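Work through the exercises below with the coordinates open. Each one sets a task and is followed by a solution in steps.

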Amino acid sequence: MSVCDCWKVLAADSALAADISSQFLRLMNSTPLLNDDATVPNKDRPRVAALLPFAVVSALREMMLVASMHDLTMAHFPDLFALNLTVLAAYVGVTPPVYSPGSNKSAFIPNREAYKINPARVAQESLKNFLLCAGCDAAAEAVLECSQIDLSNSPDYFLAMMPSLTRAICENLGHMLPKILTALGQYSSSPHEAQRAAVTAFNVECVQMQCAGQSVLIDSVLSNLL
C-alpha cells in the first residue's frame, strides 16, 4: 500500500479524519511554509518548501479524494479554503524539499524523487480536490485555469484565476462568506507577499460582487483593503 493509499484509508474513518484535519490546521498555523526567511528576500537563492507543511498539503490532496470527507469539508470550509488558497499562493515558484532525514539524526540524504515534484502543482491539486469534495465544482474549474502553474514563477499567473474563483465562491457558498473572509483575514499580515496578494484579490472581487448580496460586509471588506 502506498503512502497516498494510507491517507485515503485514514480519511475514510470520519472521527479519525476530523482529528487529523484539526491537527493539520494547527500545524500549518504554527509552522513556516518555507525554509527561507521571507523578510529577507534573496533573488539568487531559490525558495524551498519546508518539509512538514508540504507533507500536510500532500496528505490533504489525497484525503480530499474520499467522498466521505464531504461533511468535514463543509464543517470546516472557511479554514480549509483559506489554508489551501494561501498555500497555493505561497508555493508559486517554490522548489520542493529535496533532503530527507537520514538514519543519523544529524545527517540528511538527498531525496532524488523530490526533484520531480512541484509544490505549486501539489497545492493546486489539493485546493481543487477540496473544492470538488465540498461540491463546489465551479470554483474547482476556476482553479484549473492555472493549468501551467508549475511552469510559472510569477504570482500574476496565480492571481489571474482569483476573479472567477471568488465569483464561484460568492455564487455557490455566499452564506459562508463572512466566515471565509474572517479565515482569510488571518493571512492579511502574512510575511509572504503572495499570500497577502491573494487575500487582497479575494476581497476586491467580493466588493465587485457586492459580497454576495450581503451589504453589511462591504464596509468591513473595504476597510481591510485600506
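**Exercise 1: Burial and pairing of an arginine**

At 18% relative accessibility, Arg-61 counts as buried, in a model that is predicted. Task: state which residues pair with Arg-61 in salt bridges, and give the N to O distances.

Solution.
- Step 1. Apply the cut-off: a side-chain nitrogen of Lys or Arg must lie within 4 Å of a carboxyl oxygen of Asp or Glu.
- Step 2. Arg-61 and Glu-62 satisfy this, with 3.1 Å from N to O. Both of these residues are buried.
- Step 3. Arg-61 also forms a salt bridge with Glu-125, where the closest N and O atoms are 2.9 Å apart. This pair links distant parts of the chain: Arg-61 belongs to helix H3 (residues 51–63) and Glu-125 to helix H6, 64 residues apart.
- Step 4. Classify Glu-125: buried means under 20% relative accessible area and exposed means over 50%. Glu-125 has 26%, so Glu-125 is partly exposed.

**Exercise 2: A second long-range pair and the network**

Task: locate the helices that hold Glu-205 and Arg-167, and find which residues are joined into one network by shared salt-bridge partners.

Solution.
- Step 1. The closest N and O atoms of Glu-205 and Arg-167 are 3.4 Å apart, and the two residues form a salt bridge.
- Step 2. Glu-205 sits in helix H11 (residues 193–208) and Arg-167 in helix H9 (residues 162–173), with their positions 38 residues apart in the chain.
- Step 3. Glu-205 has 12% relative accessibility and therefore counts as buried. Arg-167, with a relative accessible area of 33%, is partly exposed.
- Step 4. Shared partners join Lys-8, Arg-61, Glu-62 and Glu-125 into one network of salt bridges. The count of salt bridges comes to four.

**Exercise 3: Packing of H5 and H6**

Task: decide whether helices H5 and H6 are roughly parallel or roughly antiparallel, and describe the residues in their contact.

Solution.
- Step 1. Helix H5 (residues 77–91) packs with helix H6 (residues 119–133) at an angle of about 160°, and their axes are 8 Å apart.
- Step 2. Angles over 145 degrees count as roughly antiparallel, so H5 is roughly antiparallel to H6.
- Step 3. The crossing of H5 past H6 is left-handed.
- Step 4. On the H5 side, the contact residues include Phe-77, Phe-81, Leu-88 and Tyr-91. On the H6 side, Pro-119, Ala-120, Leu-127 and Phe-130 are among them.
- Step 5. Sorted by class, the contact holds 13 nonpolar residues, three polar ones and no charged ones.

**Exercise 4: A loop residue and its neighbours**

Task: state where Thr-95 is found and which residues Thr-95 touches, not counting those up to four places away in sequence.

Solution.
- Step 1. Thr-95 is found in the loop between H5 and strand S1 (99–101).
- Step 2. With 29% relative accessibility, Thr-95 counts as partly exposed.
- Step 3. Leaving out residues up to four places away in sequence, Thr-95 touches Pro-46, Arg-47, Val-48, Ala-49 and Pro-119.
- Step 4. From C-alpha to C-alpha, Thr-95 and Ala-120 are 8.7 Å apart in space, and 25 residues apart in sequence.

**Exercise 5: The chain as a whole**

Task: state how many helices and strands the protein chain has.

Solution.
- Step 1. The protein chain has 13 helices and two strands.
- Step 2. Of its 226 residues, 44% count as buried.
- Step 3. Among contacts between residues at least 6 apart in sequence, 68% join residues at least 24 apart.

Methods: Residues numbered from 1 in each chain as written. Predicted model: local features only at pLDDT ≥ 70, side-chain atom pairs only at ≥ 80, totals over all residues. Heavy atoms only, no water. Axes fitted to C-alpha atoms, helices over the stretch in contact; angles between N-to-C directions. Helix = DSSP H or I, 4+ residues; strand = E, 2+ residues; numbered from the N terminus. Parallel < 35°, antiparallel > 145°, perpendicular 65-115°, else oblique. Left-handed = near helix turned anticlockwise from the far one by under 90°. Contact = heavy atoms within 4.5 Å. Nonpolar A, V, L, I, M, F, W, Y, C, P; charged D, E, K, R; others polar. Buried < 20%, exposed > 50% of the residue type's maximum accessible area, 1.4 Å probe, protein only.
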